[in-house]
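Please look at the sequence and the structure shown below. The paragraphs that follow lead through its interior, its aromatic rings, its strands and its cross-link.

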Amino acid sequence: MKSLAIIVIFLAVFSSCTKDKEETTTTADYHGKWTLVKMSGSMINSVTTGTAMDWQESYLFNNNGTFTKSRTRNTVKTTVSGTYTTQNNSDVLYLELTYPKESELIGSCYGNLKEELYFSASTTLSSTWRNCDGPGLDYEKVN
């Protein structure tokens, strides 16, 4: 009976360590450049990729808590920088971006100077803007 209790305790500790390792890997991998790879609308089959998208866009997340967002639309490039923080909500990593001033690049449901992105898959960063009839924007890391 004593050996059964030891095995159960060992399995519980082992499985909790595995989960912590996965979360650490995900949270450490968001630094660097993320490029827009897919846009989707509220209509069924309204997905565009590559040069067919309305604009090209990227985020650069620095180790010091700052970011730069760039968008090229009709050959005009617009760039804005700000700060970000991370938070885990129901085992999902969110990046909360804060902009210093109003910008057309802010994709937010609330009209404030904040924007949220989350990991919708291990290699995909997605915007929460789609939750309020904004476009669905999915990004993949390029470096």
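In this predicted model, Leu-97 offers a good starting point. Leaving aside its neighbours within four places in sequence, Leu-97 is in contact with Tyr-59, Phe-61, Phe-67, Thr-83, Tyr-84, Leu-113, Lys-114, Glu-115 and Leu-117. Leu-97 also belongs to the largest nonpolar core, which has 23 residues. Together with Phe-61, Leu-97 is named as having the most contacts inside that core. Two or more residues of this core come from each of the elements β1 (32–40), β3 (56–61), β5 (76–89), β6 (92–98), β7 (114–121) and β9 (136–141).

The aromatic residues can be considered next. How many aromatic pairs does the structure hold? There are 8 aromatic pairs. One of them is formed by Tyr-59 and Tyr-139, whose rings meet edge-to-face, at 5.0 Å centre to centre and with 70° between the planes. This pair links distant parts of the chain, since Tyr-59 lies in strand β3 and Tyr-139 in strand β9, 80 residues apart. Are these two residues buried or exposed? Tyr-59 has a relative accessible area of 0% and is therefore buried. Tyr-139 likewise counts as buried, because its relative accessibility is 0%.

A further aromatic pair consists of Tyr-94 and Tyr-118, and its geometry is tilted: the centres are 5.8 Å apart, and the angle between the planes is 35°. This pair, too, links distant parts of the chain, with Tyr-94 in strand β6, Tyr-118 in strand β7 and their positions 24 residues apart in the numbering. Tyr-118 has a relative accessibility of 19%. Because buried means under 20% relative accessible area, Tyr-118 counts as buried.

The rings also form a group. Tyr-30, Tyr-59, Phe-61, Phe-67, Tyr-84, Tyr-99 and Tyr-139 make up one aromatic cluster. Among these residues, Tyr-59, Phe-61, Phe-67 and Tyr-84 have already appeared as contacts of Leu-97. Elsewhere, a charged residue is placed against a ring: Arg-71 lies over the face of Trp-55, at 4.2 Å from the ring centre.

The pairing of the strands may now be followed from β3. Strand β3 pairs with β1 in the antiparallel sense, over 4 bridges. Within this pairing, Lys-33 has Leu-60 of β3 as its bridge partner. Strand β3 is also joined to strand β4 (residues 66–73) by 6 bridges, and these two strands run antiparallel. Here Gln-56 stands opposite Thr-72 in β4. What do β3 and β4 form? They form a hairpin with 4 residues between the strands, and Gly-65 in the turn has a positive phi of about 85°.

The last feature is a cross-link. A disulfide is a covalent bond between the sulfur atoms of two cysteines. The structure holds 1 disulfide, which joins Cys-109 to Cys-132 with an S to S distance of 2.1 Å. The link is left-handed, with -95° about the S-S bond. Where are its two ends? Cys-109 is in the loop between β6 and β7, whereas Cys-132 is in the loop between β8 (124–127) and β9; the two are 23 residues apart, and the pair links distant parts of the chain. Cys-109 counts as partly exposed because its relative accessibility is 30%. Cys-132 is partly exposed as well, with a relative accessible area of 32%.

How values were computed:
Residues numbered from 1 in each chain as written. Predicted model: local features only at pLDDT ≥ 70, side-chain atom pairs only at ≥ 80, totals over all residues. Heavy atoms only, no water. Core = buried A, V, L, I, M, F, W, Y, C linked by side-chain atoms within 4.5 Å. Buried < 20%, exposed > 50% of the residue type's maximum accessible area, 1.4 Å probe, protein only. Contact = heavy atoms within 4.5 Å. Phe/Tyr/Trp six-rings, centres within 6.5 Å; stacked < 30°, edge-to-face > 60°. Lys NZ or Arg CZ within 6 Å of the ring centre and 35° of its normal. Pairing = 2+ DSSP bridges. Disulfide = S-S within 2.5 Å.
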